[in-house]
Amino acid sequence: MKALRDALFHHAVRVIDLFREWDSDASGKVNKTEFAQALPSLGLTVTREQSDLLFGVFDPDGSGAIDYKE
């Protein structure tokens, strides 16, 4: 979580812009696959397990997708 926060700060990315970039299918939501594929663009090298754990932090309802409000 700290690494993601630091990467966002370092890249001076607005979260909404990042969210739109990661939402490759324009569904208005970011799924686990989109999330995992996007992390390296922030310079984060994580395992699939680490990506899934981090994804779970942002998906508290367990829907399998992150919307902007989450």
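Helices, of at least four residues, and strands, of at least two, are taken here as DSSP runs numbered from the N terminus. The model on display is predicted.

**Whole chain.** Select the protein chain and colour it by secondary structure: four helices and two strands should appear. Followed from the N terminus, these elements take the order α-α-β-α-α-β. Switching to a surface representation shows an accessible area of about 4,800 Å², with carbon and sulfur atoms contributing 55% of that area. Of the chain's 70 residues, 31% count as buried. If contacts are drawn between residues at least 6 apart in sequence, 47% of them join residues at least 24 apart.

**A26.** Next, select the loop between helix 2 (15–22) and strand 1 (29–31), where A26 is located. Its backbone merits inspection: A26 has a positive phi of about 55°, although the residue is not a glycine. Is A26 buried or exposed? With a relative accessibility of 66%, A26 counts as exposed, because the exposed class begins over 50%.

**Q50.** Then move to helix 4, which spans residues 48–58 and contains Q50. The relative accessibility of Q50 is 42%, so this residue counts as partly exposed; the partly exposed class lies between the buried limit of under 20% and the exposed limit of over 50%.

**Q50 and A36.** Finally, keep Q50 selected and add A36 to the selection. How far apart in space are their C-alpha atoms? The C-alpha to C-alpha distance between Q50 and A36 is 9.3 Å, and the two residues are separated by 14 residues in sequence.

Notes. Residues numbered from 1 in each chain as written. Predicted model: local features only at pLDDT ≥ 70, side-chain atom pairs only at ≥ 80, totals over all residues. Heavy atoms only, no water. Buried < 20%, exposed > 50% of the residue type's maximum accessible area, 1.4 Å probe, protein only. Contact = heavy atoms within 4.5 Å. Areas by Shrake-Rupley, 256 points an atom, 1.4 Å probe, with all protein chains shown as cover.
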